[in-house]
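I have a two-part job today: look the chains over, then look up single residues. My notes follow the order in which I checked things.

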Amino acid sequence: MQTRSGGFFFAVQSFLEVNRMRIPTLLLAALLLSPLPCRGEETYGYPIAGAYEATLLGTPTELRSQLPPKVRTRTLLLQLNSEEKPPVFFYDNGLRCTFAYQKKKAPLVFVIGPTGASDQSSTAMSLLKALYHAGCHVITIPSTTHPNFIISGSQSHVPGDLATDASDLYRVMESAWKEVEGDVEASAFYLIGTSLGGVQAPFVARLDEERRIFNFRKVLMINPPVSLYNAVVRIDSLLNGVPEGPGREGAFFNRMLDKFTDFYSYGNFVAINDDFLYAVYQERLFSREEAGGLIAISFRINSAGMIFTSDVMTNSGYVVPKNRVLSSNDALSDYFLVCTHLSFLQYFNEYLYPHLRKTRPELSKEEFIASLSLKTLDRYLRGNRKFGIMTNANDFLLAPDELLYLQELFGERAIVYPRGGHLGNVQYRENMARVVDFFTKD
Amino acid sequence: MYRPPLAKRVPLVLLISLFLAGCASQTTHLPPEEPPRHTISEFQDERLAYVPDPWEHFNRSMYRFNYYFDRFLFIPVVKGYETVTPVFFQNRVSSFFGNLKEVRNLTNSILQLKGKESLTTLGRFVTNSTIGIGGLFDPATSFGLLRRDEDFGLTLGHWGVDSGPYLVMPILGPSTARDTGGFAADSAMRFGLYSYLDPFGSTGSPTAIAAGVTTLEAVDQRHQVPFRYYRSGYPFEYYMVRFFYHQKRELDIRKAPASGKGPALVPGLF
């Protein structure tokens, strides 16, 4: 291998796998040494105060929970869709799920990840390890928005409608369970979802009330949006604050890259390591607006994969000419450029909604938007002790009234941390301990 | 460096050429194409994460070839190695070959006139070759002598040679015209040194041993890199890898010399 450093490929992987540029930041532990400027919340030790910073940086390595280095896992390659795959996706050979298994009878937890996450995203893997360590079997499933799910897991190949997504997810869970039920014994079934997966989880659970395959005993939602539509509007709007404005994502990205590169070369750093990243954070290299813009860009890079994959699979003529058969060698850079310039709202209005109208012509846009909300499950969730929720007071995907709604809906079953942004504190040891407690203590 | 006999090289060459030839367009019976709703013409913006790539068609073929090579040969061999070898031994192997690379690091530090860095690398090599038992262990790092990777591609970059077009090499993966030249130069230097020292000359079967060592080194290198082609499932993975490779190399060239005054480290944390 010519690769000089495994770290580089780690960077590629982590960039591709999650919806934010999560960076290992051992040095942020230094923040713990300085007193935090907030009152009444001193007992919560997650250090990063800013919502955008927390989302971008995640949890410093030293503050993560101790996870077992070795976990008994195997990859499940589920064959759900029998139709022939387009040649451009020649490498996709089935839906990839990761299965961690105990040798004795144990509860089985399904993990559904955030937008664009694969079965091996860092969030999914840390949940898998923690729950495995606590004695559970675990199966992680790619997000319905991940290209692998769109190609090999989804029946419509069009993600974003919560009801359709839930039935696709349920089909995947059934198939995954069928694949492993001969080898392990499950004492109960649990479900956990983060972000988009967090809002999908109760839809899956309600479907399960009808189909009764799993009879989920406990369902945990982490940082779910209340309304998917509002959440994507909020993500799209993060680009409004940057000087380039929406529609100039390339210019913004390149300017941020130059800033990063210049800081590196003039600062006499020896490598892109924790020193350097800590300095980026400490020096406030990126303004608040730019940090928000970076979050939006990483969502864009993810959704570009979703839009392109769905369009090719359905031959809809949205970004790829209708009826064009792309080969495995065709250049895709123009599609990449087009897709990174399309907002979530465009996807909703121009692609997803028209697609649903084909089978449900009576569906109005207002009804559709309303259906993408936890509020449609209000009666099911209210007082239902099966459900728990963890979120953060500064999760920027929640409007203030939405946070209040969650607190009111779940009452004492809602844990609201004072900070952590969107998913920034999932791997923090206290959060992880409470996730484990939720499933292991009655 | 060990060169496999021609008979062993032919299948690989044949495989690659068959592979490249086999990518011709296929005939389909679909109705004519219609323009898509969104095209590139509507956006007035810079390209995002862009790296010039005049050889993209060839590169994409090679990228795909590497995927198959990994999937059907390289990774199974690496997996087998990881299964039969205790982790302790794997780490010693990595450490040993890492120490041999210090020769390359040293040569190129000198060629870039990086005085302090050259001394550090020399210090590492001497320390690890002696106290570290021929490089099996890495005590130098704990003495504060940190590894400074250098190669001839970086040396060329240091003296102002442009990266040239992006190039995906068979098996070795992402590179550029400059870095491929650099790789060839490093390999030639190593081959020269190897011929001069002739470490297996007295063993009776030097070729077979050299072949074994080279194979073990290749397996160890792949073992250390977690990257798997197309595993991200992201349809634009090729562009992301290209961008990250390019960016990493640019930053490596701009890397500060070891004598530079960086910001003070927070004591006690590292």
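Entry 1, chain B. I read the elements from the N terminus on, and chain B runs α-α-α-α-α-α-β-β-α-α-α. That comes to 9 helices and 2 strands. I note here that the model is a predicted one. Of the 270 residues of chain B, 41% count as buried. I then looked at contacts in chain B with a separation of 6 or more, and residues 24 or more positions apart account for 70% of them. The accessible surface of chain B is about 14,200 Å², and carbon and sulfur atoms hold 68% of that.

Entry 2, chain A. I looked up the corresponding values for the other chain. Chain A has 17 helices and 8 strands. It has 442 residues, of which 64% count as buried. Among its contacts between residues at least 6 apart in sequence, 78% join residues at least 24 apart. I get an accessible surface of about 16,100 Å² for chain A, with 51% belonging to carbon and sulfur atoms.

Entry 3, nonpolar cores. Which residues touch the most other members of the largest nonpolar core? I find Phe110(A), Ile139(A), Met173(A), Phe216(A) and Phe308(A), in a core of 144 residues. Helix H11 of chain A gives the largest share of this core, 13 residues. There is also a second, separate core of 35 residues, and Ala130(A), Leu220(A), Val426(A) and Val436(A) are among its members. I keep a general remark beside this: in soluble globular proteins, nonpolar side chains tend to be buried together.

I followed up one of the core residues. Leaving out residues up to four places away in sequence, Ile139(A) touches Leu76(A), Cys97(A), Thr98(A), Phe99(A), Leu108(A), Val109(A), Phe110(A), Val111(A), Ala176(A) and Val180(A).

Entry 4, helix H13 of chain A. This helix covers residues 344-359, which is 16 residues. From first C-alpha to last it reaches 22 Å, close to the 22 Å expected at 1.5 Å a residue. I still find a bend of about 30° in H13(A), at Leu352(A). A proline, Pro354(A), follows within four residues of that point.

Next I listed what is buried in this helix. The buried residues of H13(A) are Phe344(A), Tyr347(A), Phe348(A), Glu350(A), Tyr351(A), Leu352(A), Tyr353(A) and Leu356(A). A general point helps in reading such a list: an α-helix has 3.6 residues a turn, so residues three or four places apart point the same way. I then asked what covers the buried residues of H13(A). The cover includes helices H6 (162-180), H8 (228-237), H11 (288-314) and H14 (365-371) of chain A.

Entry 5, Ser373(A). I went on from H14 to the loop between H14 and helix H15 (378-381) of chain A, where Ser373(A) is found. Is Ser373(A) buried or exposed? Its relative accessible area is 6%, so I enter it as buried. Not counting residues up to four places away in sequence, Ser373(A) touches Leu162(A), Phe203(A), Val226(A) and Ser227(A). Ser227(A) is 146 residues away along the chain, yet the two C-alpha atoms are separated by 4.2 Å. The side chain of Ser373(A) also reaches the backbone oxygen of Val226(A), at 3.4 Å.

Entry 6, Asn81(A). I found Asn81(A) in the loop between strands E1 (73-78) and E2 (95-100) of chain A. It counts as buried because its relative accessible area is 14%, and the cut-off is under 20%. What does its side chain meet? A polar atom of that side chain lies 3.0 Å from the backbone oxygen of Ile151(A). A polar contact of 2.9 Å joins the side chains of Asn81(A) and Arg171(A). Beyond its neighbours within four places in sequence, Asn81(A) is in contact with Ile151(A), Ser152(A), Gly153(A), Ser154(A), His157(A) and Arg171(A).

Entry 7, positive phi. Most residues other than glycine have a negative phi. I noted two that do not follow this. Arg212(A) has a positive phi of about 60° and lies in the loop between helix H7 (196-211) and strand E6 (218-222) of chain A. Its relative accessibility is 48%, so Arg212(A) counts as partly exposed. Ile171(B) has a positive phi of about 65° and lies in the loop between strands E1 (166-169) and E2 (173-176) of chain B. Ile171(B) is partly exposed too, with a relative accessible area of 21%.

How values were computed: Residues numbered from 1 in each chain as written. Chains lettered and ligands numbered in written order. Predicted model: local features only at pLDDT ≥ 70, side-chain atom pairs only at ≥ 80, totals over all residues. Heavy atoms only, no water. Expected span 1.5 Å × (residues − 1). Bend = angle between axes of the 7 residues up to and from the residue. Buried < 20%, exposed > 50% of the residue type's maximum accessible area, 1.4 Å probe, protein only. Contact = heavy atoms within 4.5 Å. Polar contact = N/O pair within 3.5 Å; in protein donor to acceptor, adjacent residues only side chain to side chain. Core = buried A, V, L, I, M, F, W, Y, C linked by side-chain atoms within 4.5 Å. Areas by Shrake-Rupley, 256 points an atom, 1.4 Å probe, with all protein chains shown as cover.
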